[in-house]
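Visitor: I would like to learn how to read the local features of a structure such as this one, starting with the backbone and moving outwards. Could you take me through it step by step?

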Amino acid sequence: MYDLRPPAVYAHHSVLANPTWRARVERVVAALAEPKPITPYGDADLPGLIRSEGLLAGRAPMGTLEPIPDPVLLFNTFRFDEHRQARTDALKAQATVGGHLLDALTGSGPFDWFEDRLPDKPVATSRVCRACWRLHFQHGCVHKCHYCGLGGLLATMVNVEDYIAQLDRLIAEHPWQETYLLEDDADVLCLEPELGCLAPLIEYFGTLKDRYLILHTKSWNVDWMLGLAHNGRTIPVWSLAGPTQASRFEPATGTTAQRIEAARRSQQAGYPVRYKFKPIIPVVGWQADAEQAVAQLFEHTRPDVISLSLFMWTDVDVMKRNLAAYPLEPSFLAAAEAAADELAGVNARPFPHEVRAEIYDHYLRQIRRHDPDVPVSLSTETFAMWQAFAARLGAGPTNYVCGCGPNSTPGRTRLTCNAYTHAHPAPGTRFEAW
């Protein structure tokens with residue numbers, strides 16, 4: 001587990017009432033650098049914890065904080081019952097909170113139908129991604145990346161046995177979906193193995209045929225998972241950055257070398273491994289950063305997919321505020337400033353198309369120097385960017401494989417189905433208990 005010093009630790013009454021779940025919390029607390037008392041709470045206490053105890057006080061872009069504290073730890077349970085909406089409405093009436101954080105605080109939202117479809121979703125014109133069911137178990141992060149606002153509070157569920165029982169049903173009802181991404185709101189390796197929730201999930205997928213769990217991570221913390229009965233059914237995907245970006249903007253993550261070494265050990269233990277250069281931040285010297293990271297990953301590992309995504313989803317002024325710790329490439333920053341009005345509200349902002357294309361070109365050329373065949377994809381990019389690169393990538397927006405797409409299974413180089421007509425939620429799966 002990471003060396004953490006949270007300002008407080010909270011555990012829901014449902015956690016403390018179950019000896020197995022309580023033991024998970026106690027193991028985490030015992031492993032803290034400075035153990036904290038476990039403060040019990042109930043659903044009715046949440047508005048007071050938010051208003052009076054500053055439960056969400058640290059929910060700010062990490063690059064605006066000095067120093068960046070470790071997050072509060074909050075342990076909760078998914079409650080698969082008919083009271084989800086009542087809990088949600090009660091908290092929303094007294095506190096400003098929404099999205100997956102609201103779900104984590106109310107014991108809701110274990111599975112999320114994420115949908116980018118054409119042509120009925122306007123966002124699809126500026127973001128190519130795949131509709132699928134995604135899995136959630138935590139919300140928040142300990143990595144302190146300057147561009148991220150998910151610090152301050154790490155909420156994690158502990159009733160993984162209940163979770164797996166419901167997940168088994170979800171998988172059975174969606175035979176078209178072959179891979180399942182666990183978390184885009186957390187790095188679930190950070191509290192393991194003390195939490196003891198990820199190992200049962202990995203070994204559950206190890207019992208399945210042709211179904212895979214995908215873990216996004218920037219972590220080095222993999223030794224505990226190397227001997228698990230994963231049977232090649234869990235795919236760790238390392239979000240990789242060059243040494244300058246990793247050290248300047250991602251201070252509590254694994255270094256570039258540590259992430260690649262973790263991937264090497266995982267691959268040696270039979271896990272398929274992948275990389276995403278995401279987000280690529282064009283720091284001064286970004287070309288050398290890219291060359292060094294790409295050379296290192298191929299020196300030590302053989303990924304089956306690499307994805308590329310520039311820093312995006314942010315206005316240029318917000319970017320400058322959050323990434324003030326190290327200078328960005330001046331010409332690229334000037335281009336982002338000049339394009340601010342044109343790109344307002346566009347998912348791919350703040351860098352204009354020409355800047356992003358130049359950077360992708362450099363990364364792709366470095367990758368092809370080492371491996372002419374590994375599938376390379378663009379992550380959450382525009383259709384215009386796909387049109388520019390499809391010939392060189394050997395795939396287009398309907399058939400590319402990526403790090404976490406619902407049909408991007410190990411060894412597959414192209415989809416055999418159209419991603420925009422193939423994916424759909426089964427009737428009856430959007431019920432209140434989920």
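Guide: We shall go through the backbone, a helix, a helix pair and a pocket, and you should keep in mind that the model is predicted.

Visitor: Let us begin with the backbone, then; which peptide bonds here are cis?

Guide: As a general idea, most residues other than glycine have a negative phi, and most peptide bonds are trans. In this model the bond from Lys-278 to Pro-279 is cis, with omega near -5°, and Pro-279 itself belongs to strand 11, residues 274-280. The bond from Arg-349 to Pro-350 is cis as well, with omega near 15°, but Pro-350 sits in the loop that joins helix 12 (330-338) to helix 13 (353-370).

Visitor: And where do I find a positive phi in a residue other than glycine?

Guide: Lys-144 has a phi near 65°, and this residue lies in the loop between strand 6 (138-139) and strand 7 (153-157). Glu-183 has a phi near 80° and is placed in the loop that runs from strand 8 (179-182) to helix 7 (198-206).

Visitor: Is Glu-183 buried or exposed?

Guide: Glu-183 counts as buried because its relative accessibility is 1%, where the cut-off for buried is under 20%. Asp-103, in helix 5 (residues 99-106), is likewise counted as buried, since its relative accessibility is 12%. Once its neighbours within four places in sequence are set aside, Asp-103 is in contact with Arg-84, Ser-108, Gly-109 and Met-157.

Visitor: How should I read a whole helix, and which residues of helix 14 are buried?

Guide: The general idea is that an α-helix has 3.6 residues a turn, so residues three or four places apart point the same way. In helix 14, which spans residues 383-393, the buried residues are Phe-383, Met-385, Trp-386, Phe-389 and Leu-393. Viewed down the helix axis, these buried residues fall within an arc of 130°, and therefore they line one face of helix 14. The face turned away from that buried side carries the exposed residues Gln-387 and Ala-391.

Visitor: What do the buried residues of helix 14 pack against, and what follows the helix?

Guide: The buried residues of helix 14 pack against helix 13, strand 13 (376-378) and helix 15 (419-422), while the residue that follows helix 14 is Gly-394, with a positive phi near 75°.

Visitor: How is a pair of helices described, taking helix 2 and helix 6 as the case?

Guide: One looks at the axes and then at the residues in between: the axes of helix 2 (residues 19-31) and helix 6 (residues 160-173) come within 10 Å and cross at roughly 115°. Helix 2 contributes Thr-20, Trp-21 and Arg-24 to the contact, and helix 6 contributes Val-160, Glu-161 and Asp-162. Sorted by class, the contact has 2 nonpolar, 1 polar and 3 charged residues.

Visitor: Finally, what is the volume of the largest pocket, and which residues lie nearest its centre?

Guide: Rolling a probe the size of a water molecule over the atoms shows where empty space is left. Here the largest pocket has a volume of about 1100 Å³ and is lined by 47 residues, of which Asp-184, His-216, Lys-278, Pro-279 and Trp-313 lie nearest its centre. Lys-278 and Pro-279 are thus familiar from the cis bond discussed at the start.

Visitor: Which strands supply at least two residues each to that lining, and how does it divide by class?

Guide: Strand 5 (132-135), strand 9 (212-217), strand 10 (234-239), strand 11 and strand 13 each supply at least two lining residues, and by class the lining of the largest pocket has 23 nonpolar, 14 polar and 10 charged residues.

Notes. Residues numbered from 1 in each chain as written. Predicted model: local features only at pLDDT ≥ 70, side-chain atom pairs only at ≥ 80, totals over all residues. Heavy atoms only, no water. Helix = DSSP H or I, 4+ residues; strand = E, 2+ residues; numbered from the N terminus. Buried < 20%, exposed > 50% of the residue type's maximum accessible area, 1.4 Å probe, protein only. Contact = heavy atoms within 4.5 Å. Arc of directions from axis to C-beta. Axes fitted to C-alpha atoms, helices over the stretch in contact; angles between N-to-C directions. Nonpolar A, V, L, I, M, F, W, Y, C, P; charged D, E, K, R; others polar. 1 Å grid on protein atoms, 1.4 Å probe; cavity = no way out; pocket = protein on both sides within 12 Å on 5 of 7 lines; lining within 4 Å. Points joined across faces, edges and corners; volume = space filled by probe spheres on them.
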